[in-house]
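Here is my note on this model, point by point. Please keep the sequence and the structure open as you read.

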Amino acid sequence: MEQLTLSVGAPANGGSCVARHDGRVVFVRYALPGEQVRVRVTADRGSYWHAETIEVLQPSADRTASLCPIAGVDGAGCCDLAFVEPAAARALKAEVVSNQLGRLGNYQWSDEVQPLSPTGVTGWRTRIRLDVGPDGRPGFHRYRSDELVADLNCGQLPARMTDGLTDIGWAPGAHLHVVVDDDGRRHVARTVRQGRRNMTEVVEGSGQGVQRAGRHSWRVPVTGFWQAHRDAARTYSDLVSEWAQPDRGMTAWDLYGGAGLFAAVLADAVGESGQVVTVDSSRTASRAARATLADLPQVRVVSDSVRRALTAQRGRADVAVLDPPRGGAGREVIDLLAAADVPRIVHIGCEAASFARDIGLYQSHGYTVGKLSVFDSFPLTHHIECVALLTR
């Protein structure tokens with residue numbers, strides 16, 4: 001592919017920075033604003049190119065030795081900002097979120113991205129999925145590639161999380177799910193394709209990680225969803241409790257509720273005179289929610305799409321909490337929330353553009369952004385978690 005020398009500009013959503021060559025926009029990975037770099041073009045999209053840095057000619061003062069030994073050009077795609085001083089990485093993320101909110105959400109935000117944990121930016125991850133290559137070795141994918149990096153020494157992982165996994169000859173094409181739960185116990189499961197079905201076998205631990213938040217404990221299957229950062233569940237639960245302001249006798253909706261993390265917080269607050277409806281399309285998540293929240297008669301667990309569940313609702317909620325996947329909630333769901341006249345909404349988003357779009361949709365229905373916080377929930381990467389309080 002073509003090689004170029006470029007002067008790098010502002011950060012873009014997705015982990016790249018913007019440069020220009022002969023009037024064409026070039027999205028450059030592994031570069032920082034103000035740097036001069038030599039790049040290799042990796043994709044031609046017509047009006048713009050993608051490229052990756054292969055040599056830094058004039059480095060930024062914010063560049064540092066990589067905090068992930070396996071990430072970078074020709075390495076794993078796990079930690080795309082591992083080469084940036086952590087405070088500077090948070091500043092880059094804040095700039096991206098601010099730009100997306102202004103452009104897509106018609107909302108001006110100029111605050112800081114908050115660290116999720118005081119214990120640093122490495123060793124924070126509690127669950128991973130590894131894929132197994134044709135040679136039987138597990139690994140992380142290279143950026144947008146089917147190729148695997150069999151070195152498992154990622155900067156996100158706590159010590160010993162992957163110990164011994166490279167000593168086993170796994171079935172080619174298998175997926176390994178690894179969890180270190182809140183008891184410090186490791187669980188490993190292997191998923192393989194057999195005919196038209198995925199078959200999962202537990203090879204270490206019980207296959208159900210113990211996760212805690214507040215007074216509640218969950219047993220979440222290693223293939224199920226739980227917050228990846230060890231401090232995320234507690235931090236988000238506390239924030240939801242503060243911003244949602246649930247009270248005795250209220251009705252609350254917990255949408256995209258997963259295993260019921262926020263449903264537990266809401267149920268404790270509304271009491272048995274209130275009601276909490278938690279909705280998720282994953283049957284695995286719904287089973288975990290039913291098991292954990294079985295002692296809370298005010299909770300109803302619905303295993304269905306959020307859109308269908310909202311369409312079927314006949315009552316009105318006093319508050320709704322949403323934690324949708326990366327694509328966000330979108331127009332249909334937000335239209336339904338607005339039509340239901342929910343006066344108070346806590347919306348969580350893990351992708352800046354879709355979150356900003358959703359904020360704009362809420363505002364088009366007359367909602368006002370009361371509070372908005374952004375967390376560095378995925379250190380060493382470009383990813384963030386945004387939380388907004390919306391009222392009308």
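1. Start with the pair Asp376 and Lys93. In this predicted model, their side chains meet in a salt bridge, 2.5 Å from N to O. The bridge links distant parts of the chain. Asp376 sits in strand S20 (residues 368-376), Lys93 sits in helix H1, and the two positions lie 283 residues apart in numbering. Are the partners buried or exposed? Asp376 has a relative accessibility of 5%, so it counts as buried, the limit being under 20%. Lys93 is buried too, with a relative accessible area of 5%.

2. Next, helix H1 itself. H1 spans residues 86-104 and packs against helix H7, residues 352-364. The angle between the two is about 35°. Their axes are 8 Å apart. The crossing of H1 past H7 is right-handed. Which residues meet there? From H1 come Val96, Val97, Gln100, Leu101 and Leu104. From H7 come Ala352, Ala353, Phe355, Ala356, Arg357, Ile359 and Gly360.

3. Gly360 also gives a useful long distance. Its C-alpha atom is separated by 50 Å from that of Gly169. Along the chain the two glycines are 191 residues apart. Gly169 belongs to the loop between strand S9 (148-149) and S10. Its relative accessible area is 71%, so Gly169 is exposed.

4. Back to charged pairs. How many salt bridges does a search of the whole structure find? The count is 18. Arg215 and Asp268 form one, with the closest N and O atoms 3.0 Å apart. Arg215 lies in the loop between strand S13 (208-213) and strand S14 (216-221), while Asp268 is in helix H3 (residues 261-270), so the bridge ties together parts 53 residues apart in sequence. Arg215 is exposed, at 55% relative accessible area. Asp268 is partly exposed, at 28%.

5. A further salt bridge joins Asp135 and Arg137. Here the closest N and O atoms are 3.8 Å apart. Asp135 has 53% relative accessibility and counts as exposed. Arg137, at 45%, is partly exposed.

6. Now a buried acid without a salt bridge: Asp181. Asp181 is placed in the loop between strand S10 (175-180) and strand S11 (186-194). The nearest side chain of opposite charge belongs to Arg185, 6.1 Å away. A salt bridge needs the nitrogen within 4 Å of the carboxyl oxygen, so that pair does not qualify. What does the side chain of Asp181 reach instead? One partner is the side chain of His187, in a polar contact of 2.9 Å. Another is the backbone nitrogen of Val210, at 3.0 Å. Leaving aside neighbours within four places in sequence, Asp181 is in contact with His187, Gly209, Val210 and Gln211.

7. Asp254 is another buried acid to inspect. Asp254 is found in strand S15 (residues 251-255). Its relative accessibility is 1%, so it counts as buried. The side chain of Asp254 makes a polar contact of 2.8 Å with the side chain of Thr278. With neighbours within four places in sequence left out, the contacts of Asp254 include Gly260, Phe262, Ala263 and Leu266. Val277, Thr278, Val279 and Val321 are also in contact with Asp254. For scale, the C-alpha atoms of Asp254 and Arg326 are separated by 17 Å. Those two residues are 72 apart along the chain.

8. Last, check two backbone angles. Tyr30 is not a glycine, yet its phi is positive, about 65°. Tyr30 is located in the loop between strand S3 (24-29) and strand S4 (36-44). At 8% relative accessibility, Tyr30 counts as buried. Asp74 is not a glycine either, and its phi is also positive, about 65°. Asp74 lies in the loop between strand S5 (48-58) and H1. Its relative accessibility is 58%, so Asp74 counts as exposed.

Methods. Residues numbered from 1 in each chain as written. Predicted model: local features only at pLDDT ≥ 70, side-chain atom pairs only at ≥ 80, totals over all residues. Heavy atoms only, no water. Helix = DSSP H or I, 4+ residues; strand = E, 2+ residues; numbered from the N terminus. Buried < 20%, exposed > 50% of the residue type's maximum accessible area, 1.4 Å probe, protein only. Lys, Arg positive; Asp, Glu negative; His and termini not counted. Polar contact = N/O pair within 3.5 Å; in protein donor to acceptor, adjacent residues only side chain to side chain. Contact = heavy atoms within 4.5 Å. Axes fitted to C-alpha atoms, helices over the stretch in contact; angles between N-to-C directions. Left-handed = near helix turned anticlockwise from the far one by under 90°.
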